[in-house]
Structure formats: structure tokens, C-alpha cells
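These are my notebook entries on one structure. I record below what I looked up, entry by entry.

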Amino acid sequence: MEQFDVVILGAGPAGSVLARLLAEKSHKVLLVEKDAYAGKTTACGGLFDKPYFDRYVNDPKIMEQHIRRNVFKMPWGDVTYDCDQVTVKRRIFDRFLADRAGESGADYRTRTRAVDWKRIETGHIEVQLQDLDKKEKYTVRAKVVAFADGPHTLAKKNPRFDHKKNRKNWAYAYAYEMQGLATRPDEMIIYLDKALFPWGYGWIFPDSDVSNIGVGTIQSEIDKGIKVKEKLFEFINSYAASAPLLKAREITDKKGGFIPMWLIDHYSDDSQLVLGDAAGMVSPLFGAGIDYAIDAAEAAAATLEEALAGQAFDAATLSAYDRRLKEGFIIDLRKQMLVARIIINSLKFGAQWPVKILAVIAFGGKYNRWNKIKILLYPLLGRPEPVPENGEILSHK
Ligand SMILES: Cc1cc2nc3c(=O)[nH]c(=O)nc-3n(C[C@H](O)[C@H](O)[C@H](O)COP(=O)(O)OP(=O)(O)OC[C@H]3O[C@@H](n4cnc5c(N)ncnc54)[C@H](O)[C@@H]3O)c2cc1C
């Protein structure tokens, strides 16, 4: 049986960055990806904060656009934020990150699906893999397994990592890539409108030659019979910025995917770590998880570095990963989860309440007290006006 220090399941941003950081320190790492190349089937807009791009890619060929403005279109008017973000095509970006992990010394195997795993004892995990070309199964041994295999992760075999199986705690998003630019090249537009979804949104981001256009909503809306694909057609055909510019344009890619709106309670156990979407590390307000996946990979790498130095892989040693996450983004992400719950529950007061609550809690800094009251009572007191530009830089984290 082949033996590794760490076996990483999934070559998304979480898995590939972790593999690269460990391989750079000469640890024996196996990174497995079920697809023919990383990012091949990933459904994602590919918009995230530029500092992460600069840290791990910094290659202008991979960046599609440098995004400087986010415009949120709400029933009473726009709110605009300055930002420092990039757009990438995930099939190019993920492939780049996974290839760098391989070049740094990780054993990177594509068309290799993880099918099962078992903890034998502390520091001894067995992972069953399937070579999808040879149609053969084989088992490898690791001191630690890192689950970076997305929202339908194998980690949930361990009850400590299972999220509450509440169907309401998922969102689903569907996106097209369409020829031509429907927006300014440095601008991302998000539409929040009850005519589209009571809670959900439509987005348009520019890549260099195509527009990424998508819609997403929560599972409870889909359960009511809303068809996300039909909403995407409606969005493309009827929304002001998208409609005239996208008429008769060719669709170059179509993808949909689930977004977890749950966060597990613990991220490590004896000889195991969970990161990225596998742990539910996605902003429930923006549906963004690339930054968090990379943050988690950095925290996991620092923890595994210490564990490998001391050859200690028990739950207490690996809980340093949970501590690092709590000192980092987890508290803020939990607050976002709470806001999302309040927003979803506000649906019972009427279809416009989710956007109103989002505007008051999450975008509150853009409105003074009187205008927040106008939002809550909109349209009774007229249009709420945001305060003039205050230089706040928006991150989707
Ligand atoms: C439509 C849509 C749009 C989105 N837009 C954005 C956006 O604009 N910005 C943003 O920040 N986030 C966005 N997200 C969220 C973002 O895609 C995720 O948060 C991010 O990809 C998480 O990275 P990850 O590495 O944890 O997991 P993933 O990117 O999901 O990577 C998991 C990898 O594991 C592989 N895998 C899965 N199971 C196995 C297995 N059993 N064996 C081997 N390999 C396996 C998969 O093929 C995949 O390559 C979007 C999501 C959706 C659905």
C-alpha cells in the first residue's frame, strides 16, 4: 500500500493550495481529483478578492478582468461599492492551481475518485480510490486525510462533520457564459428583486470576452416549484443591463451547482481536517467561497506543518486548525449565517422583506438612519437614498 503524509481529496482551490503549501515543505502529499482536469465541471462565477489571486496566481493570463465596482440593484435604486476583485474562468484557474501543486512536488492524480475512507488508528487513515480510466479500485494510507471535495463531501461519514440534513440549508445557482460583454469590464452587477426571487439574486460579471450570467436561490424556493433555469432565461430576456446586449449571443458554457448555506460545528478530528465547501465555508449572502477555501487551506497547512513536525495527529493536536479558523474568518461567517437566517425567515412578512433586511443589516453603512426607515417602509415614504461614496471597499468574504 502506498503511504503518504497527507491525502487530499479534491483539487478545487482549497485542496490545491493546501497540497502546494505542504509539498513546498517537502511533505509527501497525494492530491486526487475525479475529473480529467481541475475545474472541468465546477459551476462558479469565478469572482473573488484580488489579493488571493496575487498570492497564488499573479499571472495576467489567468485573470479575466480586474473588477473595481460592485453594483447592487435593489427595488428602490442602486447601491455601489468600490472593490478590488478579479474574475477568472474556473476551468483555467483551478487547473493552474492544481498544476502548481504538482510542480511543487505533490503527487497529483486526475480521473481518480475517492470512494471511501476509514480511520484505523491515530495517524493511520486508509482511503479507497478508483482509477476511472482503468476502472480499478485501490487503497492508499495516510497520516491525515484532508477533505476538500466540495459540498457533497465524503467527510460526512464522520458524524462530527455532518451538517444537519435540512434541505432548506442549501442554495442552488445556475449560470451561462455568453459571448460579448454585457457590462463595463470593471463592474459586477447583482440584481436583488422580488420579481426574480423573493430571496436570491441574478448576477452579471465580465470575463475578457464573455459575460458570466447566473441566478441563484434557496432550496425552499425551489421546493415551491421555482425553476432556476427558467429564471435564468427570464433574467437574460428582461433585465435592463443584460437584455439588449445579450440578444442572439452564443452561449459558450452552462453549469449549475449547489451552494452550502450551513457551516459544520467542528473542522478537525483525529487524523482528519475539512476545508472549503466541504465544511460549508461559503458566504450565505454572496454565495462566494473561493477566498474562504484559500484561507482554510492556509490554516490547514500551518496546522499540518506542526503535526508532521511532532508526528502527532490526534484530535487535540489537529484542533489547532479550528482555533486558527476561529481567529480568522469563522466568527464573521457565523454572523453572516445568522443574518441569512433572519433574511430567510423574514419571507413570511412578504416577498420584499428579505431585500429590505439585507439592505438594512448588510449594506447599512450605505444608508443613514432616516433612509433605513425609508427602506423598511418602502414605498410609503419614497425612495431611500444611499449616502455619497464613503470609500468602503467591499469584499464578498
Ligand atoms: C453557480 C455558482 C457560482 C459561484 N460563484 C462564485 C463566485 O463568483 N465567487 C466565489 O468566491 N464563489 C462562487 N461560488 C462558490 C465556489 O464555487 C466554492 O465556494 C468554491 O469552489 C469552493 O472551493 P473548494 O475547493 O472548497 O471546492 P470545489 O471548488 O467544489 O472543489 C472540489 C473538488 O473536488 C472534486 N471532487 C469532489 N468529489 C470528489 C471525490 N469523491 N474524489 C475526487 N475528487 C472529488 C471536484 O471535482 C472539485 O474539483 C459559486 C458556486 C456556484 C455553484
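**Entry 1: strand β2 and its partners**

I began with a question: in β6, which residue is the bridge partner of L31? I found that L31 is bridged to Y108 in β6. I note at once that the model I am reading is a predicted one.

I then looked at the pairing behind this contact. Strand β2 covers residues 29-32, and strand β6 covers residues 107-109. The two run parallel and are joined by 3 bridges.

I next checked the other partner of β2. Strand β1, residues 3-9, pairs with β2 in the parallel sense over 4 bridges. Within this pairing, I found V7 of β1 opposite L30 of β2.

I asked which way the side chains of β2 point. V29 and L31 point one way, while L30 and V32 point the other way. I recorded that all of these residues are buried.

I also traced how the chain passes from β1 to β2. Together with helix α1, residues 13-24, the two strands make a β-α-β unit, and I noted that the unit is right-handed.

**Entry 2: the shell around the ligand**

I asked how many residues surround the ligand. I found 39, and the closest are G10, G12, G45, G276 and G289. The elements that give two or more residues to this shell are α1, β3 (47-49), β7 (112-121), β10 (170-179), β14 (251-260) and α7 (290-310). Of these, α1 gives the most, with 3 residues; I had already met α1 as the helix of the β-α-β unit.

I sorted the shell by class and obtained 20 nonpolar, 13 polar and 6 charged residues. I then looked up the domains from which the shell is drawn. Domain 1 (3-44 + 91-163 + 263-328) and domain 2 (47-89 + 166-260) each supply at least three residues.

**Entry 3: the β7-β8 hairpin**

I turned to β7, which is among the elements that contribute to the shell. Strand β8, residues 124-131, runs antiparallel to β7, and 8 bridges join them. In this pairing I found A114 bridged to L129 of β8.

The two strands form a hairpin with 2 residues between them. In the turn, I noted that G123 has a positive phi of about 80 degrees.

I placed W117 in β7 and asked whether W117 is buried or exposed. It is buried, because 22 other C-beta atoms lie within 10 Å. I also took the C-alpha to C-alpha distance from W117 to L129: 8.8 Å, for residues 12 apart in sequence.

**Entry 4: a residue in helix α10**

I looked up I361, which lies in helix α10, residues 353-361. I361 has 16 C-beta neighbours inside 10 Å and therefore counts as partly exposed. Its C-alpha atom is separated by 9.6 Å from that of I343, and the two residues are 18 apart along the chain.

**Entry 5: the protein as a whole**

I closed with the overall figures. The secondary structure comes to 11 helices and 17 strands. Of the 397 residues, 47% count as buried. Along the principal axes, the C-alpha atoms fill a box of roughly 70 × 40 × 40 Å.

Finally, I asked how the radius of gyration agrees with that of a compact globule. A compact globule of 397 residues would have a radius of gyration near 21 Å; the protein has 22 Å, so I recorded that the value agrees.

Terms used. Residues numbered from 1 in each chain as written. Buried ≥ 20, exposed ≤ 12 C-beta atoms within 10 Å, placed from the backbone. Pairing = 2+ DSSP bridges. Right-handed = clockwise from strand over helix to strand, strands pointing away. Near = placed C-beta within 6 Å. Nonpolar A, V, L, I, M, F, W, Y, C, P; charged D, E, K, R; others polar. Domains from an automatic or database assignment. Rg over C-alpha atoms; globule rule 2.2 N^0.38 Å.
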